[in-house]
Amino acid sequence: MARRAAAVRRIGILTGGGDCPGLNAVIRAVAKTAMNVHGIEVFGIRDAFRGFVEGDGKLLGYGDVSGILTQGGTILGTSNKHNPFHFPAERGGKKVFRDMTRTLLANARRWRLDACVLLGGDGTMNIGTKLTALGLPVVGVPKTIDNDLAETDVTFGYDTAVACVTDAVDRIHSTAMSHHRVMVIETMGRYAGWIALKAGVAGGGDIILIPEIPYDLAKVVEKVRERSRTGRRFSIVVVAEGAKPKKGSLTVERVLTDSHDPIRLGGVGAKLASEIEKASGLETRYTILGHLQRGGCPTAYDRALATRFGYHAMELVAAGRFGRMVCLKGDTITSVPIAKAVARLKLVPRNHPLIRAAKALGTCFGA
Ligand code: F6P
C-alpha cells in the first residue's frame, strides 16, 4: 500500500497487547520525529483498538510526549481484549462479539488519519495486516518482553525483562545459599524461553528449563542431588512459564474467553518445586516473578532501540511504505512485511550459542 509522503498529514498511534518497557520511548520517538522532521500531526488512540472503535483519543502535543522516555508502561493505555474484527459487547446481559471494523474506519476518517503506527506483538500485528488490506495504511513496531516475534533479532522490552529477572535470581541466590534450599524461579515468555535462558545464564542458574527443550524430571532431580552430594547445598532452577515435562503438557493458569490469545500460562514453578522436593527430599521453594518483569523503566539498551524503532517507523510513513514492521537485523534497523513477521513465532534453537556455552559450564537443561 503506497501513499505519497505529502499525502500524510496526520497519523494515529496506539499500543496494543501486554505493556512493555520502552513503549513510551517509541511513542516519543514517533511523535517527535513526526512533528520535528515531517510536520505530521500525531493522534493518540487510547487503550488500543478499544479506543479506536469507541472513538477515544486525542491529538498529542509536544508536551504530551516530552519527559516520557524513561517511564514504564504506556501513556496511551493498552488492551489485549479488543480485536476490532471480534469486538466484545454486552447484549441482554450476555457477552457477544461483533465485527467493528466499519466503525473503526469511520473513526479514522473522522479523526482525519492518513495512516497509523501500531506498537504491539503478534496479535496487534495480525490485526494490522488485516487493516492494511481494508485500506488503512499501517506501520508496525514490534514490542514484547518475550522476544518471540519473528523477523527481528530483538524486541524492545526484552532486555529490561532480562535485567529484572537476573536481579531476582541474584537476590534469590543469596537466600538459597543461606538456607541450603532448592529455589525455583518462574519467568514469563509464553511459548518461548528467551527470558529464562538469558537471565538464567546471566544469573548463574544451575538448571534452566525452557519450552523448546521438554524436561525430564529425573534429570532435574539428579542435578540437585548431585550438587547436594558434592557440598553445594543449594540449587537455582530458572523455569520459563511455557516449559513442560517430556510427555507432559503446559501449565495453564487461566483461560480468558474474551481475549484473542486466551491462554495464560503460569504455575509450572509451583508444580516443579513440589515434585523436586518430593523426589529429592531437599527443601524446595518457588517464586513466580509475574508482571514484575513487565514493569519499571527501560534499560539503556531498550531506550536506544525503542528510539531507533520509532524514528524508523516515521521514515516508513514518510516514504509511504505501509504494511511493514520495523525490525533489527544485526546492527541495522530495517523493515519487513508485517504478514511475514506474524507468520511464525521465533523460538530458541536447541543449539543456541548460549545453550552450548551454559552446557559446557555444567548447567542442566533437563534433557
Ligand atoms: O506477552 C507478554 C506476556 O507478559 C507473557 O510473557 C505472559 O505470558 C503474558 O503476557 C501475560 O499476559 P497478561 O498480562 O494478560 O496476564
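Reader: What makes the pair between the ligand and the side chain of Glu241 a polar contact?

Author: In this predicted model, an oxygen atom of the ligand is 2.5 Å from an N or O atom in the Glu241 side chain. A polar contact is a pair of N or O atoms within 3.5 Å, so this pair qualifies.

Reader: And what about His291, what distance is there to the ligand?

Author: There, an oxygen atom of the ligand is 2.8 Å from an N or O atom in the side chain of His291. The cut-off is 3.5 Å, so that pair counts too. Gly189 joins in through its backbone: one of its polar backbone atoms is 3.0 Å from a ligand oxygen. As for cover, the ligand on its own has 400 Å² of accessible area, and the protein covers 81% of that.

Reader: Which residues are around the ligand?

Author: Among them are Asn80, Ile145, Asp146, Met188 and Arg190. Arg264 and Arg294 are also on that list, as are Gly189, Glu241 and His291.

Reader: Let's move to the loops. Why is Asn147 called buried or exposed?

Author: Its relative accessibility is 2%. Buried means under 20%, so Asn147 counts as buried. You'll find Asn147 in the loop between strand 7 (138-142) and helix 6. Asn147 also has a positive phi of about 60°, although it is not a glycine.

Reader: How do you know whether Arg112 is buried or exposed?

Author: Same kind of check: Arg112 comes out at 54% relative accessibility. Exposed means over 50%, so Arg112 counts as exposed. This residue sits in the loop between helix 4 (101-110) and strand 6 (115-120). Its phi is positive as well, near 60°, and Arg112 is a residue other than glycine.

Reader: Where does Val255 fit in, and why is it called buried or exposed?

Author: Val255 is part of strand 11 (residues 252-255). At 52% relative accessibility, against a cut-off of over 50%, Val255 counts as exposed. Together with Leu250 and Val252, Val255 makes a nonpolar surface patch of about 220 Å².

Reader: Now helix 7: which residues are buried there, and what covers them?

Author: Helix 7 covers residues 194-202, and its buried residues are Trp194, Ile195, Ala196, Leu197, Ala199 and Gly200. The cover includes two helices, helix 6 (158-179) and helix 12 (353-360). Strand 8 (182-187), strand 9 (207-209) and strand 10 (235-240) are part of that cover too.

Reader: What follows helix 7?

Author: Gly204 does, with a positive phi near 70°.

How values were computed: Residues are numbered from 1 along each chain as its sequence is written. This is a predicted model: local features need pLDDT of at least 70, side-chain atom pairs count only at pLDDT 80 or more; totals for chains, interfaces and linings use all residues. Side-chain values use heavy atoms; hydrogens and water are left out. Patches are made of residues with over 30% relative accessible area and no salt bridge: like charges are joined within 9 Å, nonpolar side chains (Val, Leu, Ile, Met, Phe, Trp, Tyr) within 5 Å. Accessible areas come from the Shrake-Rupley method with a 1.4 Å probe; for residues, only the protein chains shown count as cover. A salt bridge is a side-chain nitrogen of Lys or Arg within 4 Å of a carboxyl oxygen of Asp or Glu. Helices (H or I, at least four residues) and strands (E, at least two) are DSSP runs, numbered from the N terminus. Buried means under 20% relative accessible area, exposed over 50%, partly exposed in between (1.4 Å probe, protein chains only). Contact means heavy atoms within 4.5 Å. A residue is near a molecule or strand if one of its heavy atoms lies within 4 Å of it. A polar contact is a pair of N or O atoms within 3.5 Å; within protein, one must be able to donate a hydrogen and the other to accept it, and residues adjacent in sequence count only if both atoms are side-chain atoms.
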